[in-house]
Amino acid sequence: MKSRVIDPIMRLDGQKWFSRLKVSLFSCFFLVSGVQAHADAGFNQFLRDFWPSAQSFGIKPDVYNRVFVGMKPDDDTLRLMNKQSEFVKPIWEYLDSAVSDTRVSRGKELLVEYRDVLTAIEARYGVDREAVLAIWGMETNYGSFMGKHNVVQALATLAYAAPRRQEFWRKELLKALYIVQGGHVRFEDMEGSWAGAMGHTQFMPTSWNAYSVDFDGDGRRDIWTTIPDALASTAFYLKKHGWETGKTWGYEVALPSNFNYSLADDETTMTLGEWERRGVGRVNGRGFPRASDRAILVLPAGVNGPKFLMLKNFYVIKRYNNATAYALAVGHLSDRIIGGGALVSDWSRDHLPLKRSEVAELQNALNRKGFNVGSADGRIGPATRKGIRAYQVSRGMVPDGYASVVLLARIRQGS
Ligand code: CA
């Protein structure tokens with residue numbers, strides 16, 4: 001153990017004295033920590049090897065030593081980083097928990113409690129209060145679970161051991177060290193998810209660096225314990241990604257019986273007025289406030305579930321987390337917080353989404369039938385959806401591009 005710890009110092013002999021002194025001090029700490037039981041030699045070696053990158057990023061040796069002395073990899077992070085779920089949660093189950101009655105009513109309380117802060121945030125960034133609250137609700141249930149992992153430890157674990165995206169994790173780790181060095185949060189309080197998302201609205205360190213805001217003016221951009229800072233940072237993030245003030249994210253709509261479903265391809269963009277001329281209207285029967293707003297028709301669970309015209313702000317929310325289910329939950333929760341009702345159409349809950357292995361089976365079947373969907377990777381992407389639509393058209397089905405157990409059953413029957 002000892003010789004392994006000393007090795008890096010020997011290798012750095014050629015460097016100038018000052019730098020060598022710093023490295024020696026640094027290594028001494030690891031000499032101490034290395035003697036401790038159960039230290040992870042590979043992890044310690046990674047931390048030694050990473051030091052030059054941190055140093056050129058401007059991290060001071062005392063900060064680096066203080067943070068990393070005695071640190072071990074995060075067990076949860078090691079366990080979760082390779083986990084790939086076979087099951088895809090149906091969007092209705094996701095929404096049931098994401099937009100629960102409890103979360104809606106808590107959001108309504110916070111709308112009152114933080115009225116002054118939200119008014120000030122709206123005035124400065126032009127981002128609607130209910131959207132900011134909804135992201136807070138979605139990310140951490142309004143600060144009630146922000147993650148109990150030390151962010152530096154989680155990111156160091158990923159930079160050391162993640163099977164993919166090494167450069168990404170290294171960059172996030174450097175930014176995390178930079179935050180500690182700047183004194184914005186105490187190292188001990190720098191908590192977040194196993195993958196390094198931090199504070200009330202779960203910023204990654206690079207997002208913190210680019211978009212966090214010191215809204216209460218105490219000199220620290222503290223998204224962990226200062227709620228005005230966290231909410232203003234979220235608003236600033238949304239503004240920087242193109243939020244359109246005073247506009248909604250989207251509308252639940254109904255389609256006419258003769259609707260041309262090839263327009264619901266996740267790409268076709270038309271004004272609300274143009275959609276209206278094709279018979280698309282709001283489920284509550286009211287008109288669209290601005291016919292000139294541009295929108296995309298999205299069918300999250302195909303023809304048998306609720307349908308939506310999505311506006312620019314829906315895609316801004318997706319910049320926070322690039323998943324349709326997430327952005328829909330944020331949008332719907334924001335509506336509910338300011339008094340809107342539940343979705344009108346029912347999800348067709350027997351049209352379950354496919355497991356990953358079933359998606360791969362579907363992809364192979366479509367490829368065999370000549371609908372080229374590319375490699376059978378078990379993931380539904382644009383090529384797979386396009387192939388499903390083409391298959392549906394060829395069989396006289398409604399081409400909604402939705403990969404459900406019903407569709408796979410039909411294909412298994414040889415259709
Ligand atoms: Ca502050």
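**Exercise 1. Find the loop that holds asparagine 321, then decide how open this residue is to its surroundings.**

Solution. Start with the chain path: asparagine 321 sits in the loop that runs between α15 (312-318) and α16. Keep in mind that the model in front of you is predicted. Next, take the accessibility. Asparagine 321 has a relative accessibility of 32%. Buried would need under 20% and exposed over 50%, so asparagine 321 counts as partly exposed. Finally, compare sequence with space: asparagine 321 and serine 357 are 36 residues apart in sequence, and their C-alpha atoms are 25 Å apart.

**Exercise 2. Describe the protein as a whole before going further into its parts.**

Solution. Begin by counting elements: the protein has 19 helices and seven strands. Then take its extent. Along the principal axes, the C-alpha atoms fill a box of roughly 80 × 55 × 35 Å. Burial comes next: 50% of the 415 residues count as buried. Last, look at the contacts between residues at least 6 apart in sequence; 67% of these join residues at least 24 apart.

**Exercise 3. Work out how helices α3 and α4 meet, and which residues make the contact.**

Solution. First, place the two helices: α3 covers residues 41-56 and α4 covers residues 61-68. Their axes come within 11 Å and cross at roughly 150 degrees, and the crossing is right-handed. Now list the partners. From α3 come Leu47, Phe50, Trp51 and Ala54, while α4 brings Pro61, Tyr64 and Phe68. Sorted by character, the contact residues are seven nonpolar, no polar and no charged.

Then ask how covered α4 is. Six of its eight residues are buried, namely Pro61, Val63, Tyr64, Asn65, Val67 and Phe68. Just after α4, glycine 70 adopts a positive phi of about 75 degrees.

**Exercise 4. Show which residues of α7 are buried, and why they line one face of the helix.**

Solution. Check the geometry first. Helix α7 (residues 101-113) has 13 residues, and from first to last C-alpha it reaches 18 Å, close to the 18 Å expected at 1.5 Å a residue. Next, pick out the buried residues: Arg103, Val104, Gly107, Leu110 and Leu111. Viewed down the axis of α7, these buried residues fall within an arc of 125 degrees, so they line one face of the helix. A general point helps here: an α-helix has 3.6 residues a turn, so residues three or four places apart point the same way.

Now turn to the other side of α7, where Asp101, Thr102, Val112 and Glu113 are exposed. To finish, see what covers the buried residues of α7: the cover includes α6 (91-98), α8 (115-125), α9 (129-140) and α16 (324-337).

**Exercise 5. Compare the surroundings of threonine 201 and leucine 238.**

Solution. Locate each residue. Threonine 201 is in the loop between β2 (191-192) and α12 (205-211), whereas leucine 238 belongs to helix α13 (residues 227-240). For burial, threonine 201 has a relative accessible area of 0% and is buried; leucine 238, at 0% relative accessibility, also counts as buried.

Then read off the contacts, leaving out residues up to four places away in sequence. Threonine 201 touches Ile135, Trp136, Glu139, Ala230, Thr234 and Tyr320. Leucine 238 is in contact with Val127, Ile135, Trp243, Val316 and Tyr320. Put the two lists side by side, and you will find Ile135 and Tyr320 in both. As a last step, add a distance: leucine 238 and aspartate 128 are 110 residues apart in sequence, with 9.9 Å between their C-alpha atoms.

Key:
Residues numbered from 1 in each chain as written. Predicted model: local features only at pLDDT ≥ 70, side-chain atom pairs only at ≥ 80, totals over all residues. Heavy atoms only, no water. Axes fitted to C-alpha atoms, helices over the stretch in contact; angles between N-to-C directions. Helix = DSSP H or I, 4+ residues; strand = E, 2+ residues; numbered from the N terminus. Left-handed = near helix turned anticlockwise from the far one by under 90°. Contact = heavy atoms within 4.5 Å. Nonpolar A, V, L, I, M, F, W, Y, C, P; charged D, E, K, R; others polar. Expected span 1.5 Å × (residues − 1). Buried < 20%, exposed > 50% of the residue type's maximum accessible area, 1.4 Å probe, protein only. Arc of directions from axis to C-beta.
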